[in-house]
Amino acid sequence: LGRDVGVEISQSTLSSSVLRAGELLLGVVAEMKVQLLAGGYIQADETTVPVQSERTRGRNHQAYLWEYSTPGGVVLYDFQMGRARSGPAGFLRGFGGRLQSDGYAAYGNLGSAGLLHFGCFAHARRKFFDASKLDPKDARSVAVVRAIGTLYEVEHRAREANLCAQEREALRAKECPALLKTLKELIIKTGAEVLPKSALGKACTYALNQ
């Protein structure tokens with residue numbers, strides 16, 4: 001504003017304006033949360049955000065933004081000062097649908113008794129991909145990444161064909177069980193050949209646990 005039109009506004013005024021706008025949207029956010037929890041499927045993840053706090057004088061405190069969303073629908077961020085289980089437990093209280101997340105233990109046993117918890121292949125794949133970067137000469141991690149890629153190819157064809165949810169489910173039911181069986185056998189075999197504490201060993205353990 002100062003550069004373009006010669007209007008100088010203090011940083012505190014700008015910050016207050018953003019906070020005020022956020023306050024006005026609280027009612028909208030509350031309704032978005034109602035819609036999200038009323039649906040049958042939520043994806044969850046969390047990421048760090050530095051904040052000023054009396055907890056850590058002289059440096060920023062590491063807080064967290066917890067993200068909850070449904071593809072093509074509502075996306076909400078829930079700020080928490082820590083990564084404790086109380087964050088998702090409070091947000092997802094009463095939710096009885098399908099929850100998809102990484103393997104962080106805080107996501108376990110949340111919501112109502114009917115909640116179904118699913119792992120995420122993107123997180124599992126990332127660990128094998130990172131292992132391949134640490135040891136490019138070891139073809140085993142690359143082989144697992146390629147095997148996961150066969151599942152991704154099914155999803156790619158579903159998107160290209162613009163399949164609806166029911167048609168995509170039918171395609172997965174037809175093609176993915178055999179691919180998953182082959183993938184699981186490959187991960188078990190690979191895990192038995194490497195040290196459990198190695199990057200590849202940890203990737204195998206993570207994938208099988210999920």
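The dialogue below walks through several features of this predicted model.

Colleague: Let us begin with the strands, then; which strands are joined to strand β1, and how do they run?

Modeller: Pairing is read from the bridges between strands, and here strand β1, residues 41–51, is joined to strand β2, residues 61–69, by 9 bridges, the two running antiparallel. Strand β1 is also joined to strand β4, residues 98–100, by 3 bridges, and these two run parallel.

Colleague: Which residues stand opposite Y41 and T48 in those pairings?

Modeller: Y41 stands opposite R98 in β4, while the bridge partner of T48 is Y64 in β2.

Colleague: What leads into strand β1, and is G39 there buried or exposed, or something in between?

Modeller: G39 belongs to the loop that connects α3, residues 26–38, with β1, and because its relative accessibility is 32%, G39 counts as partly exposed. The C-alpha atom of G39 is separated by 11 Å from that of P71, a residue 32 positions apart from G39 along the chain.

Colleague: I would like to turn to salt bridges; how many are counted in this model?

Modeller: The count comes to 12 salt bridges, and a useful way to read any one of them is to ask where each partner sits and how much of each partner is accessible. Take E46 and R83, which form a salt bridge whose closest N and O atoms are 2.6 Å apart. This pair links distant parts of the chain, since E46 is in strand β1 and R83 is in the loop between β3 (75–80) and α4 (86–91), 37 residues apart.

Colleague: Which of the categories buried, partly exposed and exposed applies to E46, and which to R83?

Modeller: The cut-off for buried is under 20% relative accessible area, so E46, at 12% relative accessibility, counts as buried. R83, with a relative accessible area of 32%, is partly exposed.

Colleague: How far apart in helix α5 are the partners D130 and K133?

Modeller: D130 and K133 are 3 residues apart in helix α5, which means that about one helical turn separates them. Their side chains meet in a salt bridge of 3.7 Å from N to O. D130 counts as partly exposed because its relative accessibility is 33%, whereas K133 counts as exposed, its value being 53%.

Colleague: Which helices hold the partners E193 and R140?

Modeller: E193 and R140 form a salt bridge, with the closest N and O atoms 3.4 Å apart. E193 lies in helix α7 (residues 165–193) and R140 in helix α6 (residues 139–160), so this pair ties together parts that are 53 residues apart in sequence. The bridge should also be read in its wider setting, for salt bridges that share partners join D138, R140, K189 and E193 into one network. As for accessibility, E193 is partly exposed at 41%, and R140 likewise counts as partly exposed, at 29%.

Colleague: What kinds of patch can be read on the surface?

Modeller: A patch is read by the character of the residues that gather in it, and one patch here is of positive charge, formed on the surface by R126, K127, K197 and K202. R126, one of these residues, lies in helix α5, residues 121–134, and is partly exposed with a relative accessible area of 47%. Another patch is nonpolar, formed by L1, V5, V7, I9 and L14, which together have about 440 Å² of accessible area. Within that patch, I9 lies in the loop between α1 (2–5) and α2 (11–24) and counts as partly exposed at 37% relative accessibility.

Colleague: Finally, what sign of phi do N109 and N162 have, and why would a reader stop at it?

Modeller: Most residues other than glycine have a negative phi, so a positive value in such a residue is worth a second look. N109 has a positive phi of about 55 degrees although it is not a glycine, and N162 has a positive phi of about 55 degrees as well, again without being a glycine. N109 is placed in the loop between β4 and β5 (116–118) and counts as exposed at 76% relative accessibility. N162 is found in the loop between α6 and α7, where its relative accessible area of 66% makes it exposed.

How values were computed:
Residues numbered from 1 in each chain as written. Predicted model: local features only at pLDDT ≥ 70, side-chain atom pairs only at ≥ 80, totals over all residues. Heavy atoms only, no water. Patch = residues over 30% accessible without salt bridge, like charges linked within 9 Å, V, L, I, M, F, W, Y side chains within 5 Å. Areas by Shrake-Rupley, 256 points an atom, 1.4 Å probe, with all protein chains shown as cover. Salt bridge = Lys/Arg side-chain N within 4 Å of Asp/Glu carboxyl O. Lys, Arg positive; Asp, Glu negative; His and termini not counted. Charge placed at Lys NZ, Arg CZ, Asp CG, Glu CD. Helix = DSSP H or I, 4+ residues; strand = E, 2+ residues; numbered from the N terminus. Buried < 20%, exposed > 50% of the residue type's maximum accessible area, 1.4 Å probe, protein only. Pairing = 2+ DSSP bridges.
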